[in-house]
Amino acid sequence: QVQLVESGGGLVQPGGSLSLSCAPSGSIRSVNDMGWYRQAPGKQRELVAAITSTDSINYADSVKGRFTISRDNAKNTVYLQMNSLKPEDTAVYYCYAKVLGWDSVRFSEYWGQGTQVTVSS
């Protein structure tokens, strides 16, 4: 059984920084696309940043220049460094990954449990 384990998040003042990390646990053969979505109260879940296995990266316009996504393929871990945080960045952040398990023949999409990021003074 594959699970995505997130860490990081918390409360930070406007202009501050936070970092998130996420890695799959279980019997994993390969990890393809990885990334982060977020969902604020009363809003739809939206893409924050995504990174492919070949390090092709996509950011939401609202976070360009402030957030940085990266991955460590040896650890199958994806990171999100968030700088210059704004109150509107407040949301639950969800990690996702396309994972090929040892008992699978195709990649499947998995989601983390979500971690709260609150930007407030």
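In what order do the four strands of the open sheet lie? In this predicted model, the order is 1-3-8-7, and the pairing is antiparallel. Strand 1, residues 3-8, and strand 7, residues 67-72, form the edges, each pairing on one side only. From one strand to the next, the twist averages 15°. As a general point, the strands of a sheet are paired by backbone hydrogen bonds, in either a parallel or an antiparallel way.

One pairing within this sheet can be followed in detail. Strand 3 covers residues 18-25 and strand 8 covers residues 77-82; five bridges join them in the antiparallel sense. Ser21 takes part in this pairing, with Tyr79 of strand 8 as its bridge partner.

The edge strand 1 also holds Leu4. Leu4 has a relative accessible area of 5%, and because buried means under 20%, this residue counts as buried. Its contacts beyond four places in sequence include Cys22, Ala23 and Pro24, then Cys95, Tyr96 and Ala97, and also Tyr110, Trp111, Gly112 and Gln113. Trp111 is 107 residues away from Leu4 along the chain, yet their C-alpha atoms are separated by 6.1 Å.

Ser108 offers another case. This residue belongs to strand 10, residues 108-111. Its relative accessible area is 29%, so Ser108 is partly exposed, a class that lies between the buried limit of 20% and the exposed limit of 50%. With neighbours within four places in sequence set aside, Ser108 is in contact with Ala97, Lys98 and Val99. Asp55 is 53 residues from Ser108 in sequence, and the two are 19 Å apart in space, C-alpha to C-alpha.

The next subject is the interior. In soluble globular proteins, nonpolar side chains tend to be buried together. Here the largest nonpolar core has 29 residues, and those with the most contacts inside it are Trp36, Val48, Phe67, Val78, Leu80, Met82 and Tyr93. Several strands each supply at least two residues of this core: strands 3, 7 and 8, together with strand 4 (28-39), strand 5 (46-51), strand 9 (91-101) and strand 11 (115-119). Strand 9 gives the most, with five residues.

Val48 shows how one core residue is surrounded. Apart from neighbours within four places in sequence, Val48 is in contact with Trp36, Phe67, Leu80 and Tyr93, among others. These four are also listed with Val48 among the residues having the most contacts inside the core. The remaining contacts of Val48 are Tyr37, Arg38, Asn58, Tyr59, Ala60 and Val63.

Notes
Residues numbered from 1 in each chain as written. Predicted model: local features only at pLDDT ≥ 70, side-chain atom pairs only at ≥ 80, totals over all residues. Heavy atoms only, no water. Pairing = 2+ DSSP bridges. Axes fitted to C-alpha atoms, helices over the stretch in contact; angles between N-to-C directions. Buried < 20%, exposed > 50% of the residue type's maximum accessible area, 1.4 Å probe, protein only. Contact = heavy atoms within 4.5 Å. Core = buried A, V, L, I, M, F, W, Y, C linked by side-chain atoms within 4.5 Å.
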